[in-house]
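Here's a quick briefing to read with the model open beside you. Take it topic by topic, and keep the viewer handy.

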Amino acid sequence: MKKERTMKLSLPEEELMSPGHLACQGCGATLAMRYVLKALGRKTVVCIPACCWAVIDGPFPQSSLSVPIFHCAFEAAASTAAGVKAGLEMVGDTETTVLAWAGDGGTFDIGLQALSGAAERNDDIMYVCYDNEAYMNTGIQRSSATPYGAWTTTTPVKHFKNRPKKDISGIMAAHRIPYIATASVAFPEDLFKKAQKAKEIRGTKFLHIFAPCPSGWKSRPEDTVKLARLAVQTAVFPLFEIEDGEKYTINIKLKDKKPINDYVRLQGRFRHLKEADIAHMQAEVDRKWEKLNKNCLS
Ligand SMILES: Cc1ncc(C[n+]2csc(CCOP(=O)(O)OP(=O)(O)O)c2C)c(N)n1
Ligand SMILES: [Mg+2]
């Protein structure tokens, strides 16, 4: 006998992103957009600078999103969103959420100045950085979000990236904006709740979403969610919130962290690493995890 379906869906069924998009197989950034739009709903305007997502939504007049999109210059996601928000307010619309949606290159590097300006003014925008850890749209170049040890086309195997990933949430916390959160496509309910929470807060909200990229990480498309989950379970990418720049909450607590080797070995971009390199990466993850836990106590 067929079992009755008793499990209730916890995310809204309405889709604001349609399947005819142009993303690669296994793209984590598409899942990220799908979940965030479920939380924000139809009254949303998305501002997208140059990045994979500027292509994924499709060529004008087609679009895979059911909400308006404003394509802007690479460095200008936050200032564009702030301008759109000001314009909407001028015509009496105080309800529409204005979402700046940028990659790690457009956030950690080239758009950092515009983002810092918007955050300092506490402009009422929601900023999402979907982090695939390199400039993927232009062919996998290193960004300041690329992790230590990774191969990219500008950090070839013999000269793999030897600097740590930039601490973007620390930088945003220093602006004392009302809400910062990390999220992952492997934890849709957590991601959805954070986007919903951010929607209700006035001021600058910053969501940092971990989004694996099979093309750039040389991983299997079917491993995208598994990798995103392992990144959380190893504390490579912990899930936490920072309110008003100083109140830290860890959302997924880890009793026993998994060794980062479980995460690293599924990705071709780390294939060249020796045991000592991985031990160095593990020590760095441990140090940052300890620091995050201390921040929660203080
Ligand atoms: C001022 C400027 N410099 C460079 C580019 C070329 N460019 C377009 S997309 C892109 C990479 C974007 O990387 P990221 O923000 O991480 O997004 P992803 O492609 O990984 O989704 C680059 C370098 C540009 N469009 N404008
Ligand atoms: Mg990127």
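Tyr127 sits in strand 4, which runs over residues 126-131. This is a predicted model, and in it Tyr127 comes out at 0% relative accessibility, so it counts as buried. What does the side chain of Thr107 make a polar contact with? The partner is the side chain of Tyr127, at 2.8 Å.

**Tyr127 and Thr107**

- Thr107 belongs to helix 4, so the contact with Tyr127 links that helix to strand 4.
- With a relative accessible area of 0%, Thr107 is buried, and Tyr127 has 0% relative accessibility too.- Following the chain from Tyr127 to Thr155 takes you 28 residues along, and their C-alpha atoms are separated by 28 Å.

**Ligand 1 and its shell**

- Which residues come nearest to ligand 1? Out of 17 residues around it, they are Cys52, Gly105, Gly106, Tyr130 and Asn137.
- Two of the backbone approaches involve glycines: a backbone N or O atom of Gly105 is 2.8 Å from an oxygen atom of ligand 1, and a polar backbone atom of Gly106 is 2.8 Å from an oxygen atom of the ligand.
- Ala134 also brings a polar backbone atom to within reach, 3.0 Å from an oxygen atom of ligand 1.
- On its own, ligand 1 has 590 Å² of accessible area, and the protein covers 73% of that.
- Helix 4, residues 104-109, gives the most to this shell, with 3 residues.
- By residue type, the shell splits into 9 nonpolar, 6 polar and 2 charged.

**The magnesium ion (ligand 2)**

- Which protein donors does the magnesium ion have? They are Asp104 through OD, Asn132 through OD1 and Ala134 through O, at 2.0 to 2.1 Å from the ion.
- Read along the chain, these donors follow the spacing D-x27-N-x1-A.
- Asn132 and Ala134 are both buried.
- Ala134 turns up twice in this briefing: its O is a donor to the magnesium ion, and a polar backbone atom of Ala134 lies 3.0 Å from an oxygen atom of ligand 1.

**The two sides of helix 5**

- Helix 5 covers residues 112-121, and Ala114, Leu115, Ala118 and Ala119 are buried there.
- Why do these buried residues line one face of the helix? Looking down the axis of helix 5, they fall within an arc of 130°, so they share one face.
- The background is simple: an α-helix has 3.6 residues a turn, so residues three or four places apart point the same way.
- Gln113 and Glu120 are exposed, on the other side of helix 5.

**Backbone oddities**

- As a reminder, most residues other than glycine have a negative phi, and most peptide bonds are trans.
- Is the peptide bond from Phe60 to Pro61 cis or trans? It's cis, with omega near 10°.
- You'll find Pro61 in the loop between helix 2 (53-56) and strand 2 (69-71).
- Ile140 isn't a glycine, yet its phi is positive at about 65°.
- Ile140 is part of the loop between strand 4 and helix 6 (168-173), and at 12% relative accessibility it counts as buried.
- Arg176 is another residue other than glycine with a positive phi, this one near 55°.
- Look for Arg176 in the loop between helix 6 and strand 5.

**Pairs that are far apart in sequence**

- Phe187 lies in the loop that connects strand 5 (179-184) and helix 7 (188-199).
- Is Phe187 buried or exposed? Its relative accessibility is 18%, and since buried means under 20%, Phe187 counts as buried.
- Phe187 and Leu239 are 52 residues apart along the chain, with their C-alpha atoms separated by 9.4 Å.
- Glu15 is in the segment before helix 1 (28-40).
- With a relative accessible area of 33%, Glu15 is partly exposed.
- Glu15 and Ser66 are 51 residues apart in sequence, and C-alpha to C-alpha they are 8.5 Å apart in space.

How values were computed:
Residues numbered from 1 in each chain as written. Chains lettered and ligands numbered in written order. Predicted model: local features only at pLDDT ≥ 70, side-chain atom pairs only at ≥ 80, totals over all residues. Heavy atoms only, no water. Near = heavy atom within 4 Å. Polar contact = N/O pair within 3.5 Å; in protein donor to acceptor, adjacent residues only side chain to side chain. Areas by Shrake-Rupley, 256 points an atom, 1.4 Å probe, with all protein chains shown as cover. Helix = DSSP H or I, 4+ residues; strand = E, 2+ residues; numbered from the N terminus. Nonpolar A, V, L, I, M, F, W, Y, C, P; charged D, E, K, R; others polar. Donors = N, O, S within 2.8 Å, 3.2 Å for Na, K, Ca; no water. Buried < 20%, exposed > 50% of the residue type's maximum accessible area, 1.4 Å probe, protein only. Arc of directions from axis to C-beta.
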